[in-house]
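Ready for some practice in reading a protein structure? Take a pencil, look at the sequence and the 3D view, and try each exercise before you read its solution.

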Amino acid sequence: MPENVTVYVNDLPVTVPTGATVAVAVMLSSNVCRTSVSGEPRAPLCAMGACFECRVEINEVRHLRSCQVACEPQMKIKVGR
Ligand code: FES
């Protein structure tokens, strides 16, 4: 198993350790996960799947909790929406 995995956050490559969650990749990319309906930036809060603040789009599937999904090679993540 490789030590690192490269994913794409808003089309830019981010390399994380194998087993890291998508939330880690988003934080390393210096992005927020999404914006609220009032336009405020939202980011992971609980890191255990309870708060839903970390929702992102992964491989064209919207509203997935980034703290609950492990990064896979070439995964395409869209954030800040
Ligand atoms: S950080 Fe709370 S659900 Fe992901």
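The exercises below go from the whole chain to single residues, and the model they use is a predicted one.

**Exercise 1. Describe the overall build of the chain: which elements does the chain have, and in what pattern?**

Step 1: Count the elements. There are seven strands and one helix.

Step 2: Put them in sequence order. The pattern reads β-β-α-β-β-β-β-β.

Step 3: Look at the extent. Along the principal axes, the C-alpha atoms fill a box of roughly 40 × 25 × 20 Å.

Step 4: Compare with a rule. A compact globule of 81 residues would have a radius of gyration near 12 Å, and because the chain has 12 Å, the two agree.

Step 5: Look inside. Of the 81 residues, 32% count as buried. Among contacts with a separation of 6 or more, 39% join residues 24 or more positions apart.

**Exercise 2. Find V7 and work out where the residue sits: is V7 buried or exposed?**

Step 1: Locate the residue. V7 belongs to strand 1, residues 4-9.

Step 2: Apply the cut-off. Buried means under 20% relative accessible area. V7 has 0% relative accessibility, so V7 counts as buried.

Step 3: List the partners. Not counting residues up to four places away in sequence, V7 touches L12, P13, V14, A25, C71, E72, M75 and I77.

Step 4: Pick out one of these partners, M75. M75 is 68 residues from V7 along the chain, yet their C-alpha atoms are separated by 4.9 Å.

**Exercise 3. Do the same for V79: which residues is V79 in contact with, leaving aside its neighbours within four places in sequence?**

Step 1: Locate the residue. V79 is placed in the segment after strand 7.

Step 2: Check the accessibility. V79 counts as buried because its relative accessibility is 6%.

Step 3: Name the contacts. With those neighbours left aside, V79 is in contact with V9, N10, V26, N31, V32, C33 and V56.

Step 4: Compare space and sequence. V79 and R34 are 45 residues apart along the chain, while 5.5 Å separates their C-alpha atoms.

**Exercise 4. Study two serines, S29 and S66: which backbone oxygen does the side chain of S66 reach?**

Step 1: Place S29. This serine lies in the loop between helix 1 (22-28) and strand 3 (34-35).

Step 2: Find a polar partner for S29. A polar atom of the S29 side chain lies 2.6 Å from the backbone oxygen of V26.

Step 3: Place S66. This serine is in the loop between strand 6 (61-65) and strand 7 (76-78). S66 counts as buried, because its relative accessibility is 0%.

Step 4: Find the polar partner for S66. The side chain of S66 reaches the backbone oxygen of C54 at 2.8 Å.

Step 5: Set out the contacts, leaving aside residues up to four places away in sequence. S29 is in contact with V9 and V14, while S66 touches T21, V22, A23, C33, C54 and V56.

**Exercise 5. Explore the largest pocket: which strand gives the most to its lining?**

Step 1: Note the volume, which is about 190 Å³.

Step 2: Find the lining. Its residues include C33, R34, T35, R55, V56 and E57.

Step 3: Sort by strand. Strand 3, strand 5 (55-58) and strand 6 each supply at least two lining residues. Strand 5 gives the most, with three residues.

Step 4: Sort by character. The lining divides into six charged, three polar and three nonpolar residues.

Definitions and conventions:
Residues are numbered from 1 along each chain as its sequence is written. This is a predicted model: local features need pLDDT of at least 70, side-chain atom pairs count only at pLDDT 80 or more; totals for chains, interfaces and linings use all residues. Side-chain values use heavy atoms; hydrogens and water are left out. Helices (H or I, at least four residues) and strands (E, at least two) are DSSP runs, numbered from the N terminus. A polar contact is a pair of N or O atoms within 3.5 Å; within protein, one must be able to donate a hydrogen and the other to accept it, and residues adjacent in sequence count only if both atoms are side-chain atoms. Contact means heavy atoms within 4.5 Å. Buried means under 20% relative accessible area, exposed over 50%, partly exposed in between (1.4 Å probe, protein chains only). On a 1 Å grid over the protein atoms alone, a cavity is a set of points where a 1.4 Å probe fits but cannot get out, and a pocket is an open set with protein on both sides within 12 Å along at least five of seven lines; lining residues have an atom within 4 Å of a point. Grid points are joined across faces, edges and corners, and a volume is the space filled by probe spheres set on the points. Ala, Val, Leu, Ile, Met, Phe, Trp, Tyr, Cys and Pro count as nonpolar, Asp, Glu, Lys and Arg as charged, and the others, Gly among them, as polar. The radius of gyration is taken over C-alpha atoms; the globule rule is 2.2 Å times the number of residues to the power 0.38.
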